[in-house]
Structures are given as C-alpha cells and as structure tokens.
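Here's a walk through one protein chain, taken a piece at a time. Keep the viewer open and follow along.

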Amino acid sequence: MAKKTVKDLNVDSKKVIVRVDFNVPLKDGVITDDNRILGALPTIKYLVENNARVILMSHLGKVNHKDPEKTEADKKKNNMAPVAVRLQELLPDVKVSFVDATRGPKVEEAVNALNNGEIVLLQNTRYEPGESKNDPELGKYWASLGDLFVTDAFGSVHRAHASTVGIAENLPSALGFLVEKEVKFLGEAIYSPKRPFVAILGGAKVSDKINVIENLLNTADKVIVGGGMAYTFFKAQGLEVGTSLVEEDRIDVAKAILAKADGKLVLPIDNVVADAFAPDAHHEVAPTENMPAGMMGLDIGPETIELFKKELEGAQTVVWNGPMGVFEFPAFAKGTLEVCKAITELPGVLSVIGGGDSAAAAIQLGFRDKITHISTGGGASLEFMEGKELPGIAIIEEK
C-alpha cells in the first residue's frame with residue numbers, strides 16, 4: 001500500500017518533527033561534505049513555505065555510552081552545531097535556531113518559541129542512550145514536542161530507533177520527499193522492473209551481500225558479480241585465487257548460490273592482480289582460470305569489462321551496489337569506471353545505485369548526473385534489496 005507523504009499532511013501552523021539525515025563528515029568542527037543536508041532541503045523548504053514550525057532531528061556519528069570519558073569525547077566530536085550554521089547559510093531567509101540539548105526545558109522553550117516558517121535543530125539524537133534501543137519513554141517524549149512527524153532520513157529507516165520509529169508510533173506521520181523518492185526508485189527497479197533487468201554487485205565481502213544476491217537471482221535476468229566478493233566464488237569453484245580476499249567461512253554458501261543460479265550469475269573471466277595492496281603495487285592481468293599464487297585480485301580485467309558490457313546491452317533496468325575493484329587507487333579503478341560509464345550509455349535505462357561505496361565511486365568518477373537515482377542510504381538500500389521490511393518506513397501510515 002502507498003504510504004502517506006508530507007503533502008498529505010495539513011502542516012499550516014503545526015509543529016512538524018522531521019527526522020533528517022545530517023550525519024555529515026566533520027573535520028575539526030568543519031563540514032567536509034554537505035550532500036546530506038542538501039538532500040533534505042526540498043522537504044524542509046516545503047514545510048517552511050507552507051507555514052509549518054519545523055523541528056529537525058538527526059544523529060551524527062556514534063556515541064559510546066558505556067565509558068563516561070569516551071561519551072564526553074564522542075559528544076564533543078559529534079556536535080550538531082556546525083550543521084545549524086551550514087543550514088542557516090543554505091536558507092538565508094529563514095530563521096534557523098540550534099538547541100544544544102535533546103530534551104528538557106531548553107528544548108521545550110525553543111520549540112514553543114517557534115513561529116510559522118521557522119526552524120529549530122536539536123542536538124545529536126545519539127546523545128541519548130535510549131535512542132538506539134527505541135526507548136518507549138524517549139520516543140513518547142520527543143513526539144510530545146510536535147503535532148506531526150515526517151521521516152526523511154533514508155539512511156536510518158532500517159534502524160528501529162526512538163527517532164525513526166518511536167516518534168512515529170505516537171504521532172500522525174508521513175514520508176518526506178527524499179524517502180518517497182528512494183522508495184519509488186528502489187521499489188520500481190527491484191520489484192516491478194522493465195526488462196531486461198540486470199543487477200551488478202561488487203564490494204569486498206560475500207557475507208554482506210548473500211541475501212541480496214539470493215533475492216536478486218529471483219527477480220533479475222542477470223546478476224553480475226565483481227569486486228573482492230568474486231574471489232570467494234572462484235575459491236568455491238576450486239580455482240587458485242592467490243592472496244586475494246576470500247571468506248573461507250562463506251565458501252559453502254557461494255557453492256550453494258552457484259548451484260541454484262541457473263546461468264544467471266556472471267563472474268569475471270580475467271582480473272587485474274597485484275603483488276601488494278598498495279596504489280603503486282606491481283600489477284598485471286591474469287585470467288580467472290590461471291591466477292598467480294602470490295598475487296591478489298584488485299580489479300576486473302579488460303576481457304571482463306567487455307563481457308559485463310555485453311551482458312548490459314539492451315538492459316532497461318540496472319541496479320548497482322558495490323565497486324568492481326579498489327577504485328580508491330587509480331591503477332585499480334578502471335573496472336568500476338568502465339561499468340559505471342556503460343550503465344550511463346544505455347538508452348532509456350532506469351539506473352539505480354544502491355548507496356555506499358558504489359555511490360561514492362559514481363560521484364567521484366563524475367557520473368552523478370547521468371544515473372537515474374543514487375541512493376542516500378547504503379545499509380538501508382541493501383536491506384531493501386534483500387527484501388526486508390524497513391522499520392522506519394513500515395511504521396508510516398498508509399494513504
């Protein structure tokens with residue numbers, strides 16, 4: 001069933017709590033990448049323009065609550081104050097306030113002082129030890145601050161926390177524009193794709209993607225596998241993999257996947273192998289059937305690039321999660337670059353990148369504007385692709 005969105009709510013003069021994803025990278029108190037703040041702006045602007053009183057909540061980093069010394073250090077490091085400064089810069093005509101607290105009189109006074117079209121940002125939700133446990137009392141307290149709840153932090157909807165689920169249990173709730181977009185594109189790509197539908201999976205570990213592979217083998221026409229996870233599949237086939245990354249405890253799982261893949265699974269036929277995990281390591285190309293014993297695979301080879309391009313020909317839907325090699329090292333970035341380029345050159349394709357390293361790679365390599373949708377949530381998009389229910393979306397009311 002379709003979920004309510006922010007446009008289904010009457011927000012005029014209402015106090016609207018918005019769970020955003022402002023988990024931005026900070027260096028010495030300075031934001032180094034504000035993409036997550038930019039991603040939340042459409043929902044925030046809509047609320048401001050429709051006379052809502054906006055209460056923003058987000059986590060930032062991790063806070064250790066077991067060791068008092070570490071707790072204080074983490075709180076200092078993961079303070080939301082720089083986010084409020086950046087948000088005010090991005091919304092110069094809107095009053096943005098910041099409260100250095102997560103509950104209590106300071107929070108309540110700031111919320112009650114809001115006028116229509118104004119914003120208050122609360123301190124890091126993870127300052128509260130009950131946040132990650134979805135403490136019922138905390139969720140109820142936070143909900144008492146507002147009239148309505150909007151979830152717009154896709155990167156957190158797979159976690160049943162007080163700020164993602166607890167508030168929604170106590171208030172009329174809806175999806176923000178960012179989460180609505182994620183659900184639309186991921187859902188369309190995976191569960192009602194235009195065919196042929198090709199899935200591309202990479203990254204280091206099979207264990208991270210087992211359920212994704214199994215789910216996609218049921219829905220996709222082809223599942224292409226590259227990256228470090230390919231070497232566990234090679235080992236499962238009894239092939240030499242040298243010093244490549246292999247999950248020995250997942251070899252039987254890889255064998256089982258290969259047995260039921262029914263020709264859908266496409267693996268590399270050659271690899272760029274190196275004598276060390278280093279950007280300047282000596283490297284060469286070796287066929288999958290004949291990899292040198294003392295070297296490790298760090299990228300797919302040229303023949304594999306051509307094979308993967310051929311498998312992508314004619315695809316109408318492509319979902320990609322995980323790079324094809326160690327793209328952070330230029331010498332081993334070609335596979336990821338060429339696969340990304342091939343996707344963008346497919347006519348009329350719906351292309352979706354499932355967050356995490358593959359999203360970082362696409363952006364770093366300059367393909368941001370040539371992909372239909374780049375997900376903002378690595379873990380959430382993975383669980384979506386596994387077919388799991390995401391608690392922060394499941395709790396939202398249906399239309």
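Let's start inside strand S16, where Ser351 sits. Keep in mind that this is a predicted model. Ser351 is buried, with a relative accessible area of 3%. What does Ser351 touch, once residues up to four places away in sequence are set aside? The list is Val318, Ile343, Lys370, Ile371, Thr372 and His373.

One of those partners, Ile343, leads straight to the next element, because Ile343 is among the buried residues of helix H12 (residues 334-344). The others buried in H12 are Gly335, Thr336, Glu338, Val339, Cys340 and Ala342. And what covers them? The cover includes two helices, H11 (302-312) and H13 (356-364), along with the strands S9, S14 (296-300), S15 (317-321) and S16 (350-353).

S9 is also a handy signpost for Gly202, which is found in the loop between S9 and helix H8 (210-219). Buried or exposed, then, for Gly202? Buried, at 0% relative accessibility. Its C-alpha is 6.2 Å from that of Asn321, although the two residues are 119 apart in sequence. Neighbours within four places in sequence aside, Gly202 contacts Asn321, Gly322, Pro323 and Met324, and also Lys209, Gly226 and Met229.

On the other side of S9 there's a backbone oddity. The peptide bond from Arg195 to Pro196 is cis, with omega near 5 degrees. Pro196 belongs to the loop between helix H7 (177-191) and strand S9 (197-201).

Two more backbone spots deserve a look, both with positive phi on a residue that isn't glycine. Asn51 has a phi of about 65 degrees and sits in the loop between helix H1 (35-49) and strand S4 (53-57). Asn51 is partly exposed, at a relative accessible area of 36%. For Asp262, phi is about 55 degrees, and the residue falls in the loop between helix H10 (251-260) and strand S11 (265-266). Asp262 counts as exposed, with 71% relative accessibility.

H10 itself carries Val253, which is partly exposed at 27% relative accessible area. The C-alpha atoms of Val253 and Phe233 lie 9.1 Å apart, with their positions 20 residues apart along the chain.

Now for the charged pairs. How many salt bridges does the structure hold? There are 16. Here are some of them:

| Salt bridge | N to O distance |
|---|---|
| Glu128 and Arg103 | 3.2 Å |
| Arg250 and Asp249 | 3.1 Å |
| Glu306 and Lys309 | 3.8 Å |

Take the Glu128 and Arg103 pair, joined by a salt bridge. Glu128 is in the loop between strand S6 (119-122) and helix H5 (136-144), and Arg103 is in the loop between strand S5 (96-99) and helix H4 (105-112), so the bridge ties together parts that are 25 residues apart in sequence. Glu128 is buried at 12% relative accessibility, while Arg103 is partly exposed at 32%.

In the pair of Arg250 and Asp249, Arg250 counts as partly exposed at 25% relative accessibility and Asp249 as exposed at 58%. Glu306 and Lys309 are three residues apart in helix H11, so about one helical turn separates them. Glu306 is partly exposed at 48% relative accessibility, and so is Lys309 at 28%. Elsewhere, Asp34, Arg86 and Glu89 are linked in a network of salt bridges.

Finally, zoom out. The domain assignment splits the chain into domain 1 (15-178) and domain 2 (193-386), and 35 Å separate their centres, taken over C-alpha atoms. Seven residues of domain 1 are in contact with eight residues of domain 2. Together the domains bury about 590 Å² between them, 60% of it on carbon and sulfur atoms. Which residues of domain 1 lose the most area to domain 2? Asn35, Phe154 and His158 do, and together they make up 71% of what that side buries. By class, the domain 1 side that touches domain 2 has three nonpolar, three polar and one charged residues. Across this interface there are zero salt bridges, and the count of residue pairs in polar contact, both at pLDDT 80 or more, is also zero.

Technical notes. Residues are numbered from 1 along each chain as its sequence is written. This is a predicted model: local features need pLDDT of at least 70, side-chain atom pairs count only at pLDDT 80 or more; totals for chains, interfaces and linings use all residues. Side-chain values use heavy atoms; hydrogens and water are left out. Domain bounds come from an automatic or database domain assignment. Contact means heavy atoms within 4.5 Å. Buried area is the accessible area (1.4 Å probe) that two parts lose on being put together, summed over both. A salt bridge is a side-chain nitrogen of Lys or Arg within 4 Å of a carboxyl oxygen of Asp or Glu. A polar contact is a pair of N or O atoms within 3.5 Å; within protein, one must be able to donate a hydrogen and the other to accept it, and residues adjacent in sequence count only if both atoms are side-chain atoms. Ala, Val, Leu, Ile, Met, Phe, Trp, Tyr, Cys and Pro count as nonpolar, Asp, Glu, Lys and Arg as charged, and the others, Gly among them, as polar. Helices (H or I, at least four residues) and strands (E, at least two) are DSSP runs, numbered from the N terminus. Buried means under 20% relative accessible area, exposed over 50%, partly exposed in between (1.4 Å probe, protein chains only).
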